[in-house]
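Here's a quick look at how the rings and nonpolar side chains are arranged in this protein. Have the structure open while you read.

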Amino acid sequence: MKYLPAIALATLAFVTQAKTTVTTGDGTVTLSNGQASATFCTGKTFDILEMKHNGSRNLVEKGANLEPWKITYRGAQGETPELSPKTATFRGAVQERTDSSAVLRFRWDTRLVYDNDPHPVEMTVALSDNSPLLQWNISADLPEGWEVTEIKFPVVAIASPENAKVITPAGWGNEYKLRADTVYEANYPSWSASMQMMMVHNPEGVFFYSPRDFKACGKLMTVDERLGQSNIGTKTVVSAAWNKNGKFTLPWTTVTAYSTKGWEDAARAWYRPFALQTQWGKTKLTDRKIPDWLVDKDLWMRAKYMGDTTVIAVNKAIDYYGENIAFHWYFWHNHLYDSHYPDYFPAKPEFAGLVKMVRDRNCQVMPYINGRLWDPGADSYKARNGAAASCRRPDGALYTEIYPTSIVPNTVTCPSSPIWRNVLLELADSIQERLGTNGLYIDQIAAAAPYPCYAENHTHPKGGGEFWYESYTDIIDEMRREHLKPGNIIFSEENAECYIPVFDILLTVNTPHTPSCKIVPLYPIIYSDRVLTTAFTYSPYTDVRNGDFRYENMMALLYGAQLGWVDPRLLWQDEKTEYEAKFLKDLAEFRSKQHDVFVGGRYIREFIPEGDNPVFNVPVFGIENMVKGSEWLSRDGKRVLFVVNSDSKPHKVTLPTGKEITMKPVSAKRFNL
């Protein structure tokens, strides 16, 4: 294909305005379809001169989009150049027409080998008929013996809006004030990026950016504010498998768009349709095979240690809240927490008896284990050749993590290793058979981002890619088929989207929250009818009397999560904590009557009732209203409002419908519309 300057391109004309047209000017080319338009400079240097959606302001400034890509190569002799349009020769663009879109192919020539033919980088930008979504992809020709090892693409710089905020997909979702010279990161898939999108918004509208990767490959999305420009991009460590027959191709398309309707609408309109096409989002919660006892669950506790105070608190919780409480149990093995993993056995001698005691009272127990760390000081590391299972850096060194709970180094294990697969499967058998639990709680799988792995002895392609997600999925699928006892469940911490169908329920506790970092309901807007969750954030470790415990459970209810996940030892210390215990009981009893909504219904939006609705400085969260609400659609499509008053005083407030109601102290209400 011959690449020509844009001035030589012919204009494509179509019958209807909805179809995407390509028009050319003096060194420019424009994609447009009435919903979106983008004008590119195709003279000596690539640039985005104009980007508009449905008549919006121009989102870009001249000279801000000169480098939409950066590529790091590895040469046949070990060269590691990083190239960008600044170190390549721009050759203009050609246009194509498919059945439903127009495509521009921009080309840069690179000279990776001296006195050899150029090896082009080709970027495509497509706009489908009657769609506001610009679609971005990239490929690169390679000399013999060369490969791409890392890429940053696409980088799109928009003029930073006034009073703008950034939406990141950490946990439930986060909103930050857009600050000058600040970088906002989302490392997918993990607690810091449960989904593949970033947004920048202000009262005028929202800019939406989303890699549409159906294989959940590792990637780092960023919003980097510099000198009035918000540079939004994705950095990816490449899988060696993406370099084939002398060519690299990025195996997904990124979409960008702008809406004046707000970030919630953008997420619903542009991310949810993608999510429902994926392996992890295509199945409704009501169609998944999850044990009834878990679906009917409303309350969790976080039990620690084996001592008398723990045993007394656990029994008191069952006495007070009734049957069907589930207990996560920590510190049940002989070694220090976060050390000697995965050598959990022998368990402390009292633990099997405590599990039986709780189960005899018609409650459930899931003890803590970790799904990715292997302590090199553990006996099993040498005995089972843990070194062969470990994830490796490009130089062969180990990835090592240290946690303040133990202050010992832990290696990160590669989930593709059959050694690690067997370790986890054997643990599944031992925990269920020797302890008699109701299933398995496996930490970090849905929480920790994948590492690129370059181990010489592993069977996956070197680098990044889909092997991390696929390997864990294969392990848990085998565990479920061959090792999980009937009626038992498998559980992980955090809510990276790709693990929704892998686990029966996800613990959502790591969403960042400070007075300058607000939690927003991005995740429930997308996945509320696909997933079971429990908790809102980490429950207080030492005191439930400061307001944060009440606030967290209010928000968990409004987001549809199962409640609690609190250490029961904290609930009956004095009259004040007893008040908090009763609030949790009332909220759990209320939730038990709302399963027609919270199990398979759809979260629509958050709202703040007007009227007598005071604010409170919630520890760690900041200034928040005491009365909050959420709108849902029930499983049968009925519109429902939930309102919770977390204050110890009554308040008369007004619903979005205009109806005035009085909320009793620490209470919840449902309104069918």
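## Rings, charges and cores

In this predicted model, the aromatic pairs come to 55 when rings of Phe, Tyr and Trp count as paired with centres within 6.5 Å. One of them joins Tyr320 and Trp572, an edge-to-face pair with 5.6 Å from centre to centre and 80° between the planes. Tyr320 sits in helix α3 (residues 308-321), while Trp572 is in the loop between β34 (563-566) and α11 (575-591), so this pair ties together parts that are 252 residues apart in sequence.

Is each partner buried or exposed? Tyr320 is partly exposed, at 25% relative accessible area. Trp572 has 17% relative accessibility and counts as buried, because the cut-off for that is under 20%.

Tyr320 also has a charge over its ring, from Lys585. Here is that case alongside another, in which Arg302 sits over Tyr541:

| Charged residue | Ring | Charged end to ring centre |
|---|---|---|
| Lys585 | Tyr320 | 4.5 Å |
| Arg302 | Tyr541 | 4.7 Å |

Now for the nonpolar side chains. In soluble globular proteins, these tend to be buried together. The largest nonpolar core here has 202 residues. Which residues have the most contacts inside it? They are Phe40, Phe106, Trp332 and Tyr499. Take Tyr499: setting aside its neighbours within four places in sequence, Tyr499 is in contact with Ile445, Ala446, Trp468, Tyr469 and Tyr472. Another core lies apart from the largest one; it has nine residues, including Val627, Val643, Leu655 and Phe671.

Key: Residues are numbered from 1 along each chain as its sequence is written. This is a predicted model: local features need pLDDT of at least 70, side-chain atom pairs count only at pLDDT 80 or more; totals for chains, interfaces and linings use all residues. Side-chain values use heavy atoms; hydrogens and water are left out. Rings of Phe, Tyr and Trp (its six-membered ring) pair if their centres lie within 6.5 Å; planes under 30 degrees apart count as stacked, over 60 as edge-to-face and the rest as tilted. Helices (H or I, at least four residues) and strands (E, at least two) are DSSP runs, numbered from the N terminus. Buried means under 20% relative accessible area, exposed over 50%, partly exposed in between (1.4 Å probe, protein chains only). A charge sits over a ring if NZ of Lys or CZ of Arg is within 6 Å of the ring centre and within 35 degrees of the ring normal. A nonpolar core is a set of buried Ala, Val, Leu, Ile, Met, Phe, Trp, Tyr and Cys residues joined through side-chain atoms within 4.5 Å. Contact means heavy atoms within 4.5 Å.
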